[in-house]
Amino acid sequence: MNVHVLVCRDAVEYRDRARAWQEGLPFPVLPGRPLDRYRSLFPEGRLPAVSAAPRAGTVISVGDDAGAAGRLLAAATGREHLAVDSAALAHALHARAGELVAVVGLAEDITASGDWPGVHGAVVGVLTARDPAALSCLVYRSLTADAAAEERVFVATHPMLEDAELADTNEFEDVIALGRRRPKLLVLKALGKECCAALPDGILCGRSDPIDAPVPATDPAHRHMPCMHGADCHRADLAEEQRLPAAELHATVVFTHSCSSIAVGTNAYPHHLALGLGLLEGTAVAVVGALGVHIVQRGAQGDLEDALAENLPLGRAVERLNERAHPINGWLSRFGLLGDPGLVLDLPAGRNSDAASAAATVRSGERDEATVRTLAHVNNVILPRLERLCWLEPGVDAHAVEAFRVRVRETAEDLQAPDLASRVEALETDLAAFQHATAAAITHEIYVNGWNYGGPSLDGMREVSRRPATCPNCARNRAAVITMTHVVHDQLTVRTLQCRRCGDLWWTSEESDEPVVALEGALDTDAVAGRVVILSRMLRNNSPQVLRGGIGFAFAMRRFLGLPPETSAPISVYPGGKAEFRAEIDLVGHQPRPDVHTGVFIAIVNGVYIASSSMMRLTPAPPADKQ
């Protein structure tokens, strides 16, 4: 005889014993296959004792059949117990917004409430089953959750999913072997729906009865699988031994990523087929799973493990999952809890494996979000600017720009990759080098063939606005900022500052009305032949991003006039900062004739092409006796 548990004859005795139970008395349960499966975990079949201990929150039972189970759970954990019918559940949960609430009820009664209980504001865990016997055993297992569990995490992943190589297994045979072991946390990353979770070589089935057994009558509005019509499993490629009823799988907590693995209250299929309910008819005390269509997030497993290692109650652990998942995939990454939200599961901290270290890398959410924002800026701002630059400067390598597009696409395919930050950093480095090389090529073209900002695209530019401005060179109000757009490429914008006296001061391809990238410096510079002259520009960054690229200087079409060749350098400027570029003009080794020599500074940074004119007023060297 088991002194810790009293197996009741029927539901009447169970209700009577539940009303009278207090700590120290045998804990009442109803007989059935769930209790038999749990008993199989213990030597000689002796079931463990319930040790009453307080848990946070409230217990709400739904429907007449769940009142006894809810009362037992509340009494053993020192919580208030409230009994409601299905229609009143939503109101009761709204009144406890933010609180931990254990909802206890048969699946049909929860469904009759109209929705997943977690949408009503409380931090909900649902203890539910298909019948009263399974529900009574679930409550009992929840109160003996530390018994007969291996202190380990086991991960089974479909080989098509990311990080499959880091899982404990990709093969169904190893999942079947869990029928003989019971890890504390079982992680299932599989393809599936309400009724199943599948690997290529096997399927975890929500049914707890034989596949050819008669099924109960169901609502015609439900979706019906072939097995409900006696047509065997929908996976016709599998033999019967490759189908494992979820109830035969041993685990303390199951974390499943397959779509709609939790569908109580929102079920499109009959509860008779539900994967989550099948798992709760086994030895699991809780199932953490996906609500609706689900996108797997690599970091979610680590988030759950960390929360459990921190001794957070299951409800708060799932709350954290949802908080961290929402900024990434929103509606497509919603988790629910079948089980007691107040249960604290003693999970050892971390796993000594590559998967754990990879997850730890991903879980620095702030850093990851910054990396994603950087990648978005490259894709949505910098690359479009460079694509427009191909119109303004036909010599720009358009194929190279497209290659960066491909790299961004490939990088964005896995925004939770452990090496995401290093890949984005490498992309930024290569993009900066490309812009420097482009700036160097443009300055060389200026030196050899002259300067014509915009090239052939200027024929397609049309003035769309003009505003008065003060010339920074002559300090007179006789300048204007001219904005032009292209008649074919309406996103191609060019702005220039023109003075009626001094000519063009600068040109920029930046799209904003108030440019945040500026090249500042004197237009006219005096120089004396036979000396080394420094011409300079200050690159100012008023944007919120780091500027990266290249900057250079060249005398316009002066290759054949004896002036020094172009010069360029990489450059980067932090937000709100500035950096000086100094062009060293060797008028000792080069001896051009005295003249006003037109030059231009150009910079290509973060896709912006900005140019600043320069006039070097070169005079002859004075006679030797006057130097």
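This report describes the pockets, cavities, cysteines and one helix of a predicted model.

## The largest pocket

The largest pocket has a volume of about 610 Å³. Its lining comprises 30 residues, and those lying nearest the centre are Trp116, Val119, Leu291, Arg334 and Phe335. Three elements give two or more residues to this lining: the strands β6 (123-129) and β15 (335-338), together with the helix α10 (314-329). Of these, α10 provides the largest share, with 4 residues.

Sorted by class, the lining of the largest pocket contains 16 nonpolar, 8 polar and 6 charged residues. Among the residues nearest the centre, Arg334 is one of those that count as charged, whereas Trp116 counts as nonpolar.

## The second largest pocket

The second largest pocket has a volume of about 430 Å³. It is lined by 24 residues, with Pro472, Leu497, Trp506, Leu519 and Glu520 nearest its centre. At least two residues of the lining come from each of the strands β19 (503-508), β20 (517-520), β22 (532-541) and β27 (608-619). The largest share, 4 residues, belongs to β20.

By class, this lining consists of 12 nonpolar, 7 polar and 5 charged residues.

## Enclosed cavities

Across the whole structure, a search finds 5 cavities of 30 Å³ or more. The largest cavity holds about 80 Å³ of space. Its lining is formed by Cys195, Cys196, Ile203, Cys205, Arg207, Ile211, Met225, Cys227, Cys233, His234 and Leu273. By class, these residues comprise 9 nonpolar, 1 polar and 1 charged.

The second largest cavity holds about 70 Å³ of space. Ala156, Phe172, Val175, Leu188, Ala190, Ala197, Ala198, Leu199, Ile203 and Leu204 form its lining. Two or more of the lining residues come from each of α7 (172-176), β10 (196-199) and β11 (202-205), and β10 supplies the largest share, with 3 residues. The lining of the second largest cavity has 10 nonpolar residues, no polar and no charged ones. Ile203 appears in the lining of the largest cavity and also in that of the second largest cavity.

## Cysteines without disulfides

A disulfide is a covalent bond between the sulfur atoms of two cysteines. The structure holds 0 disulfides. Cys8 is accordingly in no disulfide, and the nearest cysteine sulfur, that of Cys137, is 12 Å away. Cys8 is buried, with a relative accessible area of 2%.

Why does Cys205 form no bond with Cys227, the cysteine with the closest sulfur? The two sulfur atoms are 6.2 Å apart, which is too far for a bond, because a disulfide requires cysteine sulfur atoms within 2.5 Å. Cys205 also counts as buried, at 10% relative accessibility. Both Cys205 and Cys227 are among the residues that line the largest cavity.

## Helix α14 and the residue after it

How does the span of helix α14 agree with its number of residues? The helix covers residues 420-449, and at 1.5 Å a residue its 30 residues should span 44 Å. The C-alpha atoms at its ends are 43 Å apart, which agrees with that expected span. Just after α14 comes Gly450, with a positive phi of about 105 degrees.

Methods. Residues numbered from 1 in each chain as written. Predicted model: local features only at pLDDT ≥ 70, side-chain atom pairs only at ≥ 80, totals over all residues. Heavy atoms only, no water. 1 Å grid on protein atoms, 1.4 Å probe; cavity = no way out; pocket = protein on both sides within 12 Å on 5 of 7 lines; lining within 4 Å. Points joined across faces, edges and corners; volume = space filled by probe spheres on them. Buried < 20%, exposed > 50% of the residue type's maximum accessible area, 1.4 Å probe, protein only. Expected span 1.5 Å × (residues − 1).
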